[in-house]
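Thanks for coming, everyone. Let me put the structure up on the screen, and then I'll walk you through how the pieces pack together.

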Amino acid sequence: MAIDLRSDTVTLPSPSMRQAMATAPLGDDVFGEDPTVNELEALAARVTGMEAGLFVCSGTMGNLGSLLAHCQRGQEVILGDQSHIYHYENGSASALGGLVLHPVLTNTDGTLPLDAIEAAIHLPSHNYHFYHWAPPGVICLENTHNRCGGAVLSPEYFAEVAAIARRHNLPVHLDGARLFNAAVAAGRPLTDWTGHVSSVQLCLSKGLAAPVGSLICGSSAFVDRARRMRKLLGGGMRQAGVIAAPGIVALTEMVDRLAEDHRNARILAEGVARLPGVSLDLAMVQSNIVVFRMPGVVEAEKLQAEASVVGLLLSDFGAGRLRMVTHYGITGDDCRKAVGIVAGIVGTTLAPGRT
Ligand SMILES: *Cc1c(COP(=O)(O)O)cnc(C)c1O
């Protein structure tokens with residue numbers, strides 16, 4: 001079987017998840033009557049220290065539902081130009097919500113410069129330009145930061161953004177698709193981050209290995225609005241307990257093992273970094289994602305294609321970069337093998353014609 005490092009979304013459910021799916025008590029969740037969904041949502045609220053939680057089909061729906069719950073049409077979403085919401089969600093907040101995406105240049109560590117956030121907030125003032133600008137609606141952060149190679153943003157940084165948001169009476173939404181990775185990597189509780197934001201989206205189907213779904217959490221009033229948005233988006237699900245049940249297993253059994261994914265990512269990163277011509281910043285390998293380039297040695301597309309032939313799947317991350325993601329089902333041995341495969345391809349590329 002191929003060593004599949006394309007994404008942590010390729011994980012298959014654990015045996016106890018399969019078991020939980022088979023035995024979950026069910027009801028109609030649009031009526032609020034699915035006990036398993038209700039249990040998962042209550043658990044999510046507890047874990048994040050927030051008032052309420054909502055189970056949604058995907059991270060994309062979680063982010064979109066959250067933005068729609070925070071903003072009115074015509075308001076601005078201030079977010080990083082390297083964020084998942086800006087890059088990979090089809091411009092849904094604009095296409096479906098009439099929101100204006102206002103990107104701010106992202107630092108290489110995944111943070112947004114505080115002065116840039118401040119400058120992006122258009123203030124009501126006597127300045128006539130105010131009537132040209134869309135009013136701000138929400139500030140978005142992402143942690144860990146996918147396009148910044150799984151970088152972990154600190155709670156201290158979150159506190160600084162929260163202070164700006166408070167001053168302007170704006171909510172902060174956290175795309176925490178991999179917030180559990182950040183918490184495990186930093187050795188701090190999730191609430192160190194969620195305490196600074198108005199809402200959070202958590203993916204169950206990435207490193208936590210559940211087959212489907214995300215959670216969004218926030219105040220009860222926020223979750224009420226988000227629940228309406230979920231229905232509006234077609235995300236009201238009926239006997240959703242069958243997919244919520246593995247989500248409960250994800251939150252209760254799968255968080256601590258993320259440390260193993262992080263150790264395996266180090267094996268990959270340290271192995272690949274030793275190869276000639278590799279550009280890889282080991283300091284940026286902070287969780288389960290490894291991004292590297294081989295400028296002048298082998299093109300990303302070529303390496304990806306040759307690796308896939310011999311059973312290693314990587315993802316092309318644009319701009320000549322390749323991405324490897326560790327996850328449930330990938331062992332330390334798989335990672336050592338993966339390094340060997342990449343080394344083999346680089347070796348033959350550096351010495352063409354060698355047999
Ligand atoms: C995967 C991901 C999402 C979206 O989740 P889906 O379930 O794939 O829609 C959002 N944000 C980040 C940072 C992600 O990595």
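Let's start where helix 8 meets helix 12: the two are roughly perpendicular to each other, because an angle of 65 to 115 degrees gets that label, while under 35 counts as roughly parallel, over 145 as roughly antiparallel, and the rest as oblique. Helix 8 is residues 179-186, helix 12 is residues 258-273, and they pack at about 75° with their axes 9 Å apart. On the helix 8 side the contact uses Phe180, Asn181, Val184 and Ala185, and on the helix 12 side Leu258, Ala259 and His262. Sorted by class, that's 5 nonpolar, 2 polar and no charged residues.

Before I go on, a bit of housekeeping. This is a predicted model, where local features need pLDDT of at least 70 and side-chain atom pairs count only at pLDDT 80 or more, while totals for chains, interfaces and linings use all residues. Residues are numbered from 1 along each chain as its sequence is written, and side-chain values use heavy atoms, with hydrogens and water left out.

Some vocabulary too. Helices (H or I, at least four residues) and strands (E, at least two) are DSSP runs, numbered from the N terminus. Two strands pair if DSSP finds at least two bridges between them. Contact means heavy atoms within 4.5 Å. Axes are lines fitted to C-alpha atoms, for helices over the stretch in contact, and angles run from 0 to 180 degrees between N-to-C directions. For the classes, Ala, Val, Leu, Ile, Met, Phe, Trp, Tyr, Cys and Pro are nonpolar, Asp, Glu, Lys and Arg are charged, and the others, Gly among them, are polar.

Okay, zooming out. The domain assignment gives domain 1 as 15-253 and domain 2 as 257-349; bounds like these come from an automatic or database domain assignment. The C-alpha centres of the two domains are 29 Å apart, and their contact takes 20 residues from domain 1 and 14 from domain 2.

Now, in what order do the 7 strands of the open sheet run? Reading across, it goes 2-8-7-6-5-3-4, with mixed pairing. Strand 2 (52-56) and strand 4 (100-104) are at the edges with a single partner strand each, so one side of each has no neighbour in the sheet. From one strand to the next, the twist averages 20°. Look at strand 5 (residues 136-142) and strand 6 (residues 172-176): they run parallel and are joined by 4 bridges. Leu141 stands opposite Leu174 of strand 6.

Helices lie across this sheet. Helix 3, residues 59-70, lies across strands 2, 3, 5, 6, 7 and 8, and runs at about 170° to strand 7. Helix 10, residues 220-232, lies across strand 2, strand 7 and strand 8, at about 15° to strand 2.

Those two helices also meet each other: the axes of helix 3 and helix 10 come within 8 Å and cross at roughly 120°. That makes helix 3 oblique to helix 10. Their contact includes Met61, Gly65 and Leu68 of helix 3, and Phe222, Ala226 and Met229 of helix 10. By class it divides into 6 nonpolar, 3 polar and 2 charged residues.

Another helix pair: helix 2 (residues 35-48) packs with helix 11 (residues 241-253) at about 30°, axes 8 Å apart. They are therefore roughly parallel to each other. Among the contact residues are Leu40 and Leu43 of helix 2, with Ile248 and Leu251 of helix 11. This contact has 8 nonpolar, 4 polar and 1 charged residues.

Last stop, the other open sheet. Here 3 strands go in the order 9-12-11, with antiparallel pairing. Strand 9 (289-292) and strand 11 are the edge strands, each pairing on one side only. Neighbouring strands are turned by 35° against each other on average, ignoring direction. Strand 9 pairs with strand 12 over 4 bridges, and Phe292 has Leu322 of strand 12 as its bridge partner. Helix 12, the one we started with, packs on this sheet, touching strand 9 and strand 12, and its direction makes about 15° with that of strand 9. Helix 13 (residues 300-309) packs there as well, touching strands 9, 11 and 12.

And what sits between strand 11 and strand 12? They form a hairpin with 2 residues between them, and Ala319 in the turn has a positive phi of about 55°. Strand 11 covers residues 315-318 and strand 12 residues 321-325, paired over 3 bridges, with Gly318 and Arg321 as bridge partners.
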